[in-house]
Amino acid sequence: MTSTAAATGTRSTVRTWFITGATSGIGRALTTAALGRGDNVTVLARRTEQFSDLATEHAERVLLIDTDVRDAESVGAAVQRTLDRFGRIDVVANNAGFGVFGAVEEASDAQARAIFDTNVFGVLNVLRATLPVLRKQRSGHLLQGSSYYGQTAHPGVGMLAATKYAVEGLTDALVGEVAPLGIKVTLVEPGPTATAFLSNLDVAATDSDYDQTVREVQRAIGALPAEAFNAPERVATAILAAVDAEQPPLRLATGSAAARDMRAALQARLDELDTWAEVTNAVDTPAA
Ligand SMILES: NC(=O)c1ccc[n+]([C@@H]2O[C@H](COP(=O)([O-])OP(=O)(O)OC[C@H]3O[C@@H](n4cnc5c(N)ncnc54)[C@H](OP(=O)(O)O)[C@@H]3O)[C@@H](O)[C@H]2O)c1
């Protein structure tokens, strides 16, 4: 972090953020919140013209860069432009992502590969481009965009959950690799949030064998009242709390619904380990 006083006066430093998927939903709310407290933001998105209003308002502190996270070269160029403009990167929000809805079998190979390209390989592109900067600084905070579907899943969200579980797995390893280098890591795990996520969902072709499971879930999600979806601004507030913390969480659930579902999934895993302990432990016999 730089030592310049924040415009808000609530902190003694100004951070530089590097936020993917920054023009919509949670990314936009986070960008707005960071700008609101006087920070600098590099806004990465495929259509940055959607951000021109805020860019005009905060011209000195916003860098708009058209970037598809699937394009490693353009992510690398965005990092260099951020350094040229702001001199450092303090917070990387690996937020860009989308969902595929349908049974695991229903999602086509193209749909499965497309969601991994953005939600997993896009995250890796951003990590490879930004980590050398954070390592050199010996500081920084990585915000890894996960979901409660990174901890639990139900019919219809298999492809989405597969990508978020992948991000969680690599992040569980990453945190220990970069902690000695002064870099903090937080998995952001939102519950249902009122963004463009559902309208951007890629829906798989359907098979009637999944009417009782996948289509039931689809109907249930469609019937959720507006109140079931949290405001992205509240998610941004929670993320700021984690970024400001001396000891940020590795996992930050945003919303009680996310926390409830994650807790139930964790408890079910513990219970099953206990139920099967005898069979599990009987395996502990050295090979003859
Ligand atoms: N909303 C929820 O209920 C919820 C719950 C759990 C987790 N999440 C996670 O939260 C994150 C943000 O989603 P959101 O809810 O804010 O949805 P959103 O409003 O649809 O925003 C997603 C953002 O990601 C960008 N994006 C998608 N593919 C991209 C690519 N290949 N390259 C660059 N940008 C790309 C989109 O840009 P374009 O405008 O160019 O498409 C958009 O700005 C996602 O990782 C999502 O999985 C959301």
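Which residues does Asn119 touch, not counting residues up to four places away in sequence? Let's start there, everyone, and work outwards. Please keep in mind that what you have in front of you is a predicted model.

So, the answer: Asn119 touches Gly97, Phe98, Leu160, Thr163, Lys164 and Val167. Find Asn119 in helix H4. Is Asn119 buried or exposed? Its relative accessible area is 1%, and buried means under 20%, so Asn119 counts as buried. Now look at where its side chain goes: it reaches the backbone oxygen of Phe98, at 2.9 Å.

Now let's zoom out to the helices. Two packed helices are described by the angle between their axes and the distance between the axes. Keep that pair of values in your head, and we'll use it for three helix pairs.

Pair one is H4 with H5. Helix H4 covers residues 109-137 and helix H5 covers residues 158-178. Their axes come within 8 Å and cross at roughly 20°. Angles under 35 degrees count as roughly parallel, so H4 is roughly parallel to H5. The crossing of H4 past H5 is right-handed. Who makes the contact? From H4 we have Ala112, Ile115, Phe116, Asn119, Val120, Val123, Leu124, Leu127 and Leu131. From H5 come Met159, Leu160, Ala162, Thr163, Lys164, Ala166, Val167, Leu170, Leu174 and Val178. Sorted by character, the residues of this contact are 16 nonpolar, two polar and one charged. And you'll have spotted our friend Asn119 among the H4 residues.

Pair two brings in H3, residues 72-86, again with H4. What is the angle here? The axes of H3 and H4 cross at roughly 30° and come within 8 Å. With the cut-off at 35 degrees, H3 and H4 are therefore roughly parallel to each other. H3 also passes H4 in a right-handed crossing. On the H3 side, the contact uses Ala72, Val75, Gly76, Val79 and Leu83. On the H4 side, look for Asn125, Val126, Ala129, Thr130 and Val133. That contact divides into seven nonpolar residues, three polar and no charged.

Before we leave H4, a quick stop at Arg138. You'll find Arg138 in the loop between H4 and strand E6, which spans 140-145. Arg138 has a positive phi, about 60°, although it is not a glycine.

Pair three is H1 with H7. Helix H1 runs over residues 25-36, and H7 over residues 232-244. Their axes come within 8 Å and cross at roughly 60°. That angle falls outside the ranges for roughly parallel, antiparallel and perpendicular, so H1 and H7 are oblique to each other. The crossing of H1 and H7 is right-handed. In the contact, Gly25, Ile26, Ala29, Leu30 and Ala33 of H1 meet Pro232, Glu233, Val235, Ala236, Ile239 and Leu240 of H7. Those residues divide into nine nonpolar, one polar and one charged.

Let's finish with one residue from that set, Ala236 in helix H7. How buried is Ala236? Its relative accessibility is 1%, which makes it count as buried. Leaving aside its neighbours within four places in sequence, Ala236 is in contact with Ala29, Leu30 and Ala33. Last one: Ala236 and Leu198 are 38 residues apart along the chain, and their C-alpha atoms are separated by 19 Å.

Thanks for listening, and do have a go at finding these residues yourselves!

Technical notes. Residues numbered from 1 in each chain as written. Predicted model: local features only at pLDDT ≥ 70, side-chain atom pairs only at ≥ 80, totals over all residues. Heavy atoms only, no water. Axes fitted to C-alpha atoms, helices over the stretch in contact; angles between N-to-C directions. Helix = DSSP H or I, 4+ residues; strand = E, 2+ residues; numbered from the N terminus. Parallel < 35°, antiparallel > 145°, perpendicular 65-115°, else oblique. Left-handed = near helix turned anticlockwise from the far one by under 90°. Contact = heavy atoms within 4.5 Å. Nonpolar A, V, L, I, M, F, W, Y, C, P; charged D, E, K, R; others polar. Buried < 20%, exposed > 50% of the residue type's maximum accessible area, 1.4 Å probe, protein only. Polar contact = N/O pair within 3.5 Å; in protein donor to acceptor, adjacent residues only side chain to side chain.
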